[in-house]
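Q: Got a minute to go through this model with me? I'd like to start with helix packing and then move to a loop.

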Amino acid sequence: MDQTSKLSNRVINAIQKDISQGIYKPGQKIPTEPELMVQYAVGRSTIREAIKTLAMSGVLRVQQGSGTYVSETVQTESLDQRLRRADFEEINQVRRMLDYEIVKLAAQHHTKASLAEMKKYLDLRKKAILEQRYQDCMEADIAFHTTIAKASGNHVLADLYRSFTAVIRDFFAKRDTESISHFAISHHLHEQLYEAVKSGNVKLSRQAMEDILDNNY
């Protein structure tokens, strides 16, 4: 990657950050090229490359003779904000895609240490169910699945799943918090998932994960 491209990427990230923070709002005209050159301390070619890239991706709209505007349809919410207001069916679909790949990789790449951690949270989940402690059960459930994500060996997937746990926690909080029945009903499925991952069987791991998500209501 040449120097101009590196500078262009920096400017692209800076403009997108300004949009996400509301400095530039949808439909608003952004500063002129000379102003942007001063603002970001780069040359004209860098600014033009950054604007071209953002226009091609739909973030900016270049209007000849008028200037460059933030697209009216640009998404200014953070991913976390969008996830929090998403429909549960959509959330479950995304989680299904994530978890299928996660359990596949965890079955292939788990270690003795990661299995021990999974078992620890699985036991804590069961203990919380028996003692009727909803909050502890929720935290153990999330920790169990997060540990599987870590065991996948894919750091990006694990980070994505950690971000996703905020949405899962929000869903659990909106569910009936007076009863741990949802957790109790699916506990044997979580035990099956643990055993499948431990055995290294990808097909069984995915099937167990599918059964959990099918009963995640």
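Q: Which residues of H6 meet H7?
A: This is a predicted model. On the H6 side they are Ser114, Glu117, Met118, Tyr121, Leu122, Leu124, Arg125, Ala128 and Ile129. Their partners in H7 are Asp136, Cys137, Ala140, Asp141, Ala143, Phe144, Thr147, Ile148, Lys150 and Ala151.

Q: How does that contact of H6 with H7 divide by class?
A: Into 12 nonpolar, two polar and five charged residues.

Q: Are H6 and H7 roughly parallel or antiparallel?
A: Roughly antiparallel, because the axes cross at roughly 165 degrees and angles over 145 count as such. The axes of H6 (residues 112-130) and H7 (residues 134-151) come within 8 Å, and H6 passes H7 in a left-handed crossing.

Q: Now H10 and H11. At what angle do their axes cross?
A: At roughly 160 degrees, with the axes coming within 8 Å. That makes H10 roughly antiparallel to H11. The crossing of H10 past H11 is left-handed.

Q: What residues are in the contact of H10 with H11, by class?
A: Eight nonpolar, three polar and one charged. H10 contributes Leu189, His190, Gln192, Leu193, Ala196 and Val197, which meet Leu204, Ser205, Ala208, Met209, Asp211 and Ile212 in H11.

Q: Switching topic: where is glycine 27?
A: In the loop between helix H1 (3-20) and helix H2 (33-40).

Q: Buried or exposed?
A: Glycine 27 is partly exposed, because its relative accessibility is 32%.

Q: And what is glycine 27 in contact with, leaving aside neighbours within four places in sequence?
A: Tyr69, Val70, Ser71 and Glu72.

Note on methods: Residues are numbered from 1 along each chain as its sequence is written. This is a predicted model: local features need pLDDT of at least 70, side-chain atom pairs count only at pLDDT 80 or more; totals for chains, interfaces and linings use all residues. Side-chain values use heavy atoms; hydrogens and water are left out. Helices (H or I, at least four residues) and strands (E, at least two) are DSSP runs, numbered from the N terminus. Buried means under 20% relative accessible area, exposed over 50%, partly exposed in between (1.4 Å probe, protein chains only). Contact means heavy atoms within 4.5 Å. Axes are lines fitted to C-alpha atoms, for helices over the stretch in contact, and angles run from 0 to 180 degrees between N-to-C directions. Angles under 35 degrees count as roughly parallel, over 145 as roughly antiparallel, 65 to 115 as roughly perpendicular and the rest as oblique. A crossing is left-handed if the near helix is turned anticlockwise from the far one by less than a right angle, and right-handed if clockwise. Ala, Val, Leu, Ile, Met, Phe, Trp, Tyr, Cys and Pro count as nonpolar, Asp, Glu, Lys and Arg as charged, and the others, Gly among them, as polar.
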